[in-house]
Protein chains: 2
Amino acid sequence: MQQKRIRIKDIAKLAGVSAGTVDRVVHNRGNVSAKSREAVEKVLKEVNYRPNIHMSSISLKKMYHILFVSPKFSAGEYWDSIYTGILRTLDEFENIRLSFKKITYNQYDVYDCKRIYDKVLKTKCNAVIIGSIFQKETQDFCHQLDEKEIPYVFVDSNVENTSPVACFSSDHYTCGYLMGKIMNAVMHDNRDIGILQAMRIGNESANSTILRKNGFNAYLDECGIERKIHRIPFNATEPEKNNDIFDAFFNENGNVGGIVVLNSRGHIMANYLSSRNIKNIKLIGVDLTIPNIAALKKGSISALIGQNPKSQGFLAMRSLIEYLIFKLPIKVDNIMPLDIVTKETIDIYSEFKDLVYLK
Amino acid sequence: MQQKRIRIKDIAKLAGVSAGTVDRVVHNRGNVSAKSREAVEKVLKEVNYRPNIHMSSISLKKMYHILFVSPKFSAGEYWDSIYTGILRTLDEFENIRLSFKKITYNQYDVYDCKRIYDKVLKTKCNAVIIGSIFQKETQDFCHQLDEKEIPYVFVDSNVENTSPVACFSSDHYTCGYLMGKIMNAVMHDNRDIGILQAMRIGNESANSTILRKNGFNAYLDECGIERKIHRIPFNATEPEKNNDIFDAFFNENGNVGGIVVLNSRGHIMANYLSSRNIKNIKLIGVDLTIPNIAALKKGSISALIGQNPKSQGFLAMRSLIEYLIFKLPIKVDNIMPLDIVTKETIDIYSEFKDLVYLK
DNA sequence: ATAAAAACTGTGTACGTACACAGTTTTGCA
DNA sequence: TGCAAAACTGTGTACGTACACAGTTTTTAT
């Protein structure tokens, strides 16, 4: 802390060059002879130089443009939490020249997603944070970013065959596995299980929900559970139709005792069950969204799995700034933990999560 | 982010005074006429001035001395985690003029604690972070700090009738309550429960373990559980004697099926049980120390409750810096969540906890 | 060999704050 | 009223970096 920190100037003197040359070496700006570069690098290694982050921030003249592409969201939803985490980091680095914009697409329409991706590619920017729903389209998008040498970071989920600077997501497979475990613990009879998974225009399903389903099935298989599993239809684009759809489903399948909602819309099923006064069906959901938490507190959802979306956004943006501006090495794969939250633990949980990010 | 931030200079111009005067008002340094002060304060309110933290750090000339008083610890122990969290914050603010020292006492000897407290009072410092074991002695200590107007922050637990700048701890009562709940879930028979709680020289017990015991008893009462409860003797100062003590205890009480260790020494009982090849006793402990985690992984501890000590240290030091140096308002009562960790979840848990603090 | 171009190097300035210090005004008191 | 002391105010500098720009050396092409 207190012993005098070594400065650019000191290194310059030690290496027998000027401060400007040291700066060029440190920032890899080129225009340095091999001889000078080696001399400086030798000293750098010896003295373990760490730039004064405050001074760096102050002197930074370049303006960085960062974009966040994600599904559309409203306040309190899953993607909004990721966004909030990003804003938290921006707040921390408020004295850095940085422009940030979010641009969102309809997550139930792959064509809209493509359109937005194209729009991003036409926008001048230095980095992109990507919240991906559609695997294939995101791959294409990333390859074009690669060509333009624009770095990108994933939040929520990773996308195969891409080369992101970093990725921040939970383990969706384990999430599904956990849901199976919890469902099995809370169901005290041998009734059937319903699985709710949204369908999308132009694509089967979101990658994350597919992985969750695999994890869920894996748990049931491993434990040799022989419950009947029903797929519950769900209309994500016209939610007003769901009540009729659910009515039809339950008319045909009276023996369902537990429902697993693989996306963040657990509250929709919870509210449906409440409205029909159905009380003996256990419900497990994903994401601590405001409506989900309300349903959890009311008791219509038994447990929710939290994916730490705020951490995802916070860490993703922080990593990006460290990579882009401070040229620090960053970790590529970052798996967020899954929090199991129940009626009893929701309050203390929420309070702490805010505390950690507070300034 | 990008719109020009208002500077001290701008405020000076708007208020019709010099930058120096604005600075004096902002830092409450006195020597400002009522007229000037009001003019500046009016402008400050209008423009919502927020100083550039980088510039503040750079220009700061005063040296702040901060002390951490806590029980003695070795690597990987509970107090060491708090210490690590503190160091993490110091790393973040490495460019601030700040001296930090830890000073520790024997937590099983109230007289040593007093001696160390007196030593701290004789040391010149600007703030103290206190890890308290003994209620009464800490109260006296705090009152003397109050007199000298030295601010202090608590970690691990709060102390009544003191006026700390902030406190970071988990809820020990709830911790005990949770231990009761878990113990009840993992014990599948009606056997007795043993409670292990350390005795100290000159004082009954640490405040935190008393609270945990209360919480534990409260759970058993609420649920009408009628198990027999035995207090297990434990010698904290001469650990080599414990094997004999435990032998004697189990000779007399053969029907114990579960043991709750209310302090972080769960591994001692775990290792004793392993050494005696006793396998059908469930063990619940507190704190994710290295030996406890090892016992958890081996299966000799069923579950551990984590108190987020690293967060406590990290946030305590961060709050203190914000209060002391950046004059920001800080939250006084901060309750850390309790993590329930089992063999299955320990690895992903540990990994994430590191990630969050990583730079 | 010489000019032009390219590659390299050093110098100087801005960034916004904290604080020292010198300079100015007001107050207190005889 | 005068004069010292106290209270107040403004100016100037350091902090360490990023980067622009001017100046110097080396390379390339004729």
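This short talk covers how two DNA strands meet the protein, and then one pair of packed helices in chain A. Keep in mind that the model is predicted.

Let's start with DNA strand D. How many residues surround DNA strand D? There are 24. The closest are A:His27, A:Ser59, B:Ser18, B:Ser36 and B:Ile58. What part of the strand do they face? Of the atoms of DNA strand D that come within 4 Å of the protein, 67% belong to sugar and phosphate.

Now the individual contacts on that strand. In B:Ser36, a polar side-chain atom sits 2.5 Å from a phosphate oxygen of DNA strand D. For A:Tyr49, an N or O atom of the side chain is 2.6 Å from a phosphate oxygen. B:Thr21 also has a polar side-chain atom by a phosphate oxygen of this strand, at 3.1 Å.

Which helices supply the surface near DNA strand D? From chain A, helix 4, residues 53-59, gives at least two residues. From chain B, helix 2 (19-26) and helix 4 (53-59) each do so too. By class, this surface has 7 nonpolar, 11 polar and 6 charged residues.

On to DNA strand C. Here, 24 residues lie around the strand. A:Ser36, A:Ile58, B:His27, B:Tyr49 and B:Ser59 come nearest. Sugar and phosphate make up 64% of the strand C atoms within 4 Å of the protein.

Again, some single contacts. The side chain of A:Ser33 places an N or O atom 2.7 Å from a phosphate oxygen of DNA strand C. A:Thr21 has a polar side-chain atom 3.2 Å from a phosphate oxygen. B:Ser56 meets another kind of atom: a sugar or linking oxygen of DNA strand C, 3.3 Å from an N or O atom in its side chain.

For this surface, helix 2 (19-26) and helix 4 of chain A each supply at least two residues, and so does helix 4 of chain B. The classes are 7 nonpolar, 11 polar and 6 charged.

Last topic: helix packing in chain A. Helix 10 (residues 242-252) packs against helix 11 (residues 266-275) at an angle of about 65°, and their axes are 11 Å apart. So helix 10 of chain A is roughly perpendicular to helix 11 of chain A. The crossing is right-handed.

Who meets whom? Helix 10 of chain A brings A:Asn243, A:Phe246, A:Asp247 and A:Phe250. Helix 11 of chain A brings A:Ile268, A:Met269, A:Tyr272 and A:Leu273. Of these contact residues, 6 are nonpolar, 1 is polar and 1 is charged.

Note on methods: Residues are numbered from 1 along each chain as its sequence is written. Chains are lettered from A and ligands numbered from 1 in the order in which they are written. This is a predicted model: local features need pLDDT of at least 70, side-chain atom pairs count only at pLDDT 80 or more; totals for chains, interfaces and linings use all residues. Side-chain values use heavy atoms; hydrogens and water are left out. Axes are lines fitted to C-alpha atoms, for helices over the stretch in contact, and angles run from 0 to 180 degrees between N-to-C directions. Helices (H or I, at least four residues) and strands (E, at least two) are DSSP runs, numbered from the N terminus. Angles under 35 degrees count as roughly parallel, over 145 as roughly antiparallel, 65 to 115 as roughly perpendicular and the rest as oblique. A crossing is left-handed if the near helix is turned anticlockwise from the far one by less than a right angle, and right-handed if clockwise. Contact means heavy atoms within 4.5 Å. Ala, Val, Leu, Ile, Met, Phe, Trp, Tyr, Cys and Pro count as nonpolar, Asp, Glu, Lys and Arg as charged, and the others, Gly among them, as polar. A residue is near a molecule or strand if one of its heavy atoms lies within 4 Å of it. A polar contact is a pair of N or O atoms within 3.5 Å; within protein, one must be able to donate a hydrogen and the other to accept it, and residues adjacent in sequence count only if both atoms are side-chain atoms.
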